[in-house]
Amino acid sequence: MSGVLDWLTMPQTIFFLAVTGVVFLALQVSAAVFVYAERKVAAFMQQRYGPYLVGPKGLLQPIADIVKLVFKEELRPKAADGLLFAAAPVISAIAAFAAFAPVPFGASTTFFGLLPEPMPLQVADINVAVLVIFAITSMGVYGIVLAGWASNSKYSLLGGLRSSAQMISYELAYGMSLATICMIAGSLSLREIVDAQAGYYFGVIPKWNVFVLFPTGFIAFLVFGTAGVAETNRAPFDFPEAEQELVAGYHTEYSSMKFALFFLAEYINMVTAAAVTTNLFLGGWHGPLIPEAYGWIWFLIKLFVLCFVYLWLRWTLPRFRYDQLMAFGWKLLLPLATINLLVSAAGVLYFGL
Amino acid sequence: MVALGAVVGLGGLVISGLVGPSNPTPEKEAAYECGMPPVGDARERQSVKFYLIAMIFLLFDIEVAFLYPWAMAMRDLGWPGLLQITLFFAILVVGYAYIWRKGVLDWGPESDPDYKHAPRPGPAVIKRYRYGTRH
């Protein structure tokens, strides 16, 4: 018993729990902010006001939405599979939260000398973080497919099927471009990959992976970004819930908190995808002017820019046709990522990086 | 994080189950089909293309899984390693070219043999393709 108490009162444990709690809350808040930002950006791009009644400038709108959703009636189609119907949103939410755990967001710190040893700013410092994130985000497809199947509604089933086909198709290009970066950095740990990106070429261009072995790093970035948008089911790849075709796709039959969980998972997945892209390609917390200890500020700036790009894409590009989506993934992205991988391997060997 | 996610997920379900109203009617319990009474069961036969994609995905995903160890050991293996992995890819490319030619990757109307061999699609052909031969 005293052993547990000792462990709980160790500064490392306290800070670990604090970091975990902060990340957990930040993810929830970021989902709420993301929803608000999405509506405001959409409004801005379509020259209207967006939410402005609830709170100053409509800032409390996401909270009002959540309260409303909690008090709504839970509907369930009679023909649905009860257990899977309830499990699907929970699986989505768990996968979304768990995927962020290995993502580092700042340099190791002692919290102003409060800790004897520096502690990494992330929930779990795993040496194969890249693979873990890859695996857990792939688990997210289970939530969507189960939701589509369990609802026993035609729109849901079509949405689930489409989504599974789309996600596994783009996972290949995703994995290939990921392998390119891991190969160049020579590590599967996100923290090591980020630390390899410190410094500058010629004193000006930051040593980010976007610029590494130009243009292979940039191509990998484009492929990874595109596949990431497809993996998170965002426009122009939002086939699982294409409103004009499938009502709402896999969550047509969902209401109340179950619907809110899908929503939460979708936005958290976007934040995670943006965070991983930041770490892999944009140098994570490394940047000019701000000292290393406050690197998380740079991380947040890059994260916000990428999140804005997500919104920007949604309101700029029309949705693909389904055959175009498949052709794009299989006939363009996959060969491109593969050739890019081999070329950058040759580049690494030739230049002896 | 898994535990916290589970708390949010299950907690959300429990809370909304407690505070939300529950007065189901037959209409509410029916699957949504644009307000019409639902026709039949949703779990009907689906296009075989989805299964094909799943199978190809398995093959290519294993290929990607094979890549990671090589990518980690790439500097030690050097040029011979790169040559070997290129050979490995060359073998895969044969299969890839095969499925491409077989039209597994085509989902549009071009993959329909009826549509493909039709005379240059004039209005009548397009109409037949769109609405089927019954009309």
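How many nonpolar, polar and charged residues does the lining of the second largest cavity have? Figure 2 has the answer; the model throughout is predicted, with local features needing pLDDT of at least 70, side-chain atom pairs counting only at pLDDT 80 or more, and totals for chains, interfaces and linings using all residues. Residues are numbered from 1 along each chain as its sequence is written, and side-chain values use heavy atoms, without hydrogens and water.

**Figure 1. The largest cavity.** This cavity (grid points, 1 Å apart over the protein atoms alone, where a 1.4 Å probe fits but cannot get out) holds about 270 Å³, the space filled by probe spheres set on the points. Among its 20 lining residues (an atom within 4 Å of a point), Thr137(A), Met167(A), Glu231(A), Thr232(A) and Asn269(A) are the closest to the centre. Helix α10(A) supplies the largest share, seven residues.

**Figure 2. The second largest cavity.** Here the volume is about 50 Å³. The lining has nine nonpolar residues (nonpolar being Ala, Val, Leu, Ile, Met, Phe, Trp, Tyr, Cys and Pro), with no polar and no charged ones. Phe134(A), Tyr174(A) and Phe224(A) are among them, and α5(A) gives the most, three residues.

**Figure 3. Where chain A meets chain B.** Contact (heavy atoms within 4.5 Å) joins 73 residues of chain A to 61 of chain B. Together the chains bury about 5,800 Å² (accessible area lost, 1.4 Å probe, summed over both), 74% of it on carbon and sulfur atoms. On the chain A side, α6(A) gives the most, with 18 residues.

Note on methods: Chains lettered and ligands numbered in written order. Buried area = accessible area lost by both parts, 1.4 Å probe. Helix = DSSP H or I, 4+ residues; strand = E, 2+ residues; numbered from the N terminus. 1 Å grid on protein atoms, 1.4 Å probe; cavity = no way out; pocket = protein on both sides within 12 Å on 5 of 7 lines; lining within 4 Å.
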